[in-house]
Amino acid sequence: MNYKILRVPPRDELGYLEQETRGVAQAWRLGDGEPMGDKFPKQASYPLSKKHRGMKLTDFIPNKFSRLIISEKARKLLETAPVDIEWLPISIIDKKDRVVDAPYSIAHVLGTVDCVDLERSEYDRSSFSPEQFLVIRRLLLREDKIPEQRSLFRIKEYPRAFIIREDLLDKLTAAGVTGLDVLELGAPVML
């Protein structure tokens, strides 16, 4: 199986989210892949940044939180894939402070996979949390450590990074899903 690093890069023409919704208890769980349950508000809303000029909404919305904020179209495709996701419905607020008439969700990928090839990857460890990476310059995986049922997952040492299996990426691409991008494993990166 082939894997890639999934990204949702900001672009000038795209809407961008940079303000956290109110009422999220233990928001760190969203970055670490820990279940949210009732710690996530039922009426969560995220406003489009007024600092960024872009307004166009895509199926994957760029945001400063490193979260997968996705459209209903993308959600339906991910629901058929072998991925452990907690779905957190949200509303998007446009730049005129109106609720966008389209359902979006945070695809909160649960758990992490311990599969980084520590010998061949290039990274700096966090001094605060030495088991975590602070930055990644080159990422390689040990595919024999990746469970077959994980077509989209987080890596243990850097849970803000998402890894996607090529068959799921092909499915999303064939369906015309917009807003996502990928980086090759082993290529120079800055995560």
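Me: Why is Leu 57 called partly exposed?

Reply: Its relative accessible area is 25%. Buried means under 20%, exposed over 50% and partly exposed in between, using a 1.4 Å probe and protein chains only, so Leu 57 goes in the middle class. Before we go on: this is a predicted model, where local features need pLDDT of at least 70, side-chain atom pairs count only at pLDDT 80 or more, and totals for chains, interfaces and linings use all residues. Residues are numbered from 1 along each chain as its sequence is written, and side-chain values use heavy atoms, with hydrogens and water left out.

Me: Where does Leu 57 sit, and what does it touch?

Reply: Leu 57 is in the loop between strand E2 (45–47) and E3. Strands (E, at least two residues) and helices (H or I, at least four) are DSSP runs, numbered from the N terminus. Not counting residues up to four places away in sequence, Leu 57 touches Leu 48, Ile 92, Val 100 and Tyr 104; contact here means heavy atoms within 4.5 Å. Ala 102 is 45 residues from Leu 57 in sequence, with 9.9 Å between their C-alpha atoms.

Me: What makes the phi of Ser 66 worth a look?

Reply: Most residues other than glycine have a negative phi. Ser 66 isn't a glycine, yet its phi is positive, near 60°. You'll find Ser 66 in the loop between strand E3 (60–61) and strand E4 (69–71), and its 35% relative accessible area makes it partly exposed.

Me: And how do you know whether Asp 97 is buried or exposed?

Reply: Asp 97 has a relative accessible area of 55%, which is over the line for exposed, so exposed it is. Asp 97 is in the loop between E5 and E6, and has a positive phi too, about 65°.

Me: What makes a set of residues a nonpolar core?

Reply: The members must be buried Ala, Val, Leu, Ile, Met, Phe, Trp, Tyr or Cys residues, joined through side-chain atoms within 4.5 Å. The largest one here has 22 residues, and Phe 60, Leu 68 and Leu 152 touch the most other members. Helix H2 (72–79), strands E5 (85–93), E6 (104–109) and E10 (158–165), and helix H3 (166–174) each supply at least two residues of this core. Apart from it lies another core, of 17 residues, including Met 36, Tyr 46, Ile 69 and Ile 106.

Me: Why are Tyr 3 and Phe 153 called an edge-to-face pair?

Reply: Rings of Phe, Tyr and Trp (its six-membered ring) pair if their centres lie within 6.5 Å; planes under 30 degrees apart count as stacked, over 60 as edge-to-face and the rest as tilted. The structure holds 3 aromatic pairs. For Tyr 3 and Phe 153, the centres are 5.9 Å apart and the planes at 70°, so the pair passes as edge-to-face. Tyr 3 is in strand E1 and Phe 153 in strand E9, 150 residues apart. Both count as buried, with Tyr 3 at 7% relative accessibility and Phe 153 at 0%.

Me: What makes Tyr 123 and Phe 133 stacked, then?

Reply: Their planes are at 20° and their ring centres 4.1 Å apart, so the stacked label fits. Tyr 123 lies in strand E7 (residues 122–125) and Phe 133 in strand E8 (residues 133–138), so the pair ties together parts 10 residues apart in sequence. Phe 133 is buried, at 4% relative accessibility.

Me: How do you know that E1 and E10 pair?

Reply: Two strands pair if DSSP finds at least two bridges between them. E1 (residues 3–7) and E10 have 4 bridges, in the antiparallel sense, so they qualify. Tyr 3 stands opposite Arg 165 in E10. They belong to an open antiparallel sheet of 4 strands, in the order E9-E10-E1-E11. E9 (152–155) and E11 (181–184) are the edge strands, each pairing on one side only.

Me: Why say that the buried residues of H3 line one face?

Reply: These are Leu 168, Leu 169 and Leu 172. Seen down the axis, they fall within an arc of 100°, so they line one face of the helix; the arc is that of the directions from the helix axis to the C-beta atoms. What covers them includes E1, E3, H2, E9, E10 and E11. The face turned away from the buried side carries the exposed residues Thr 173 and Ala 174.
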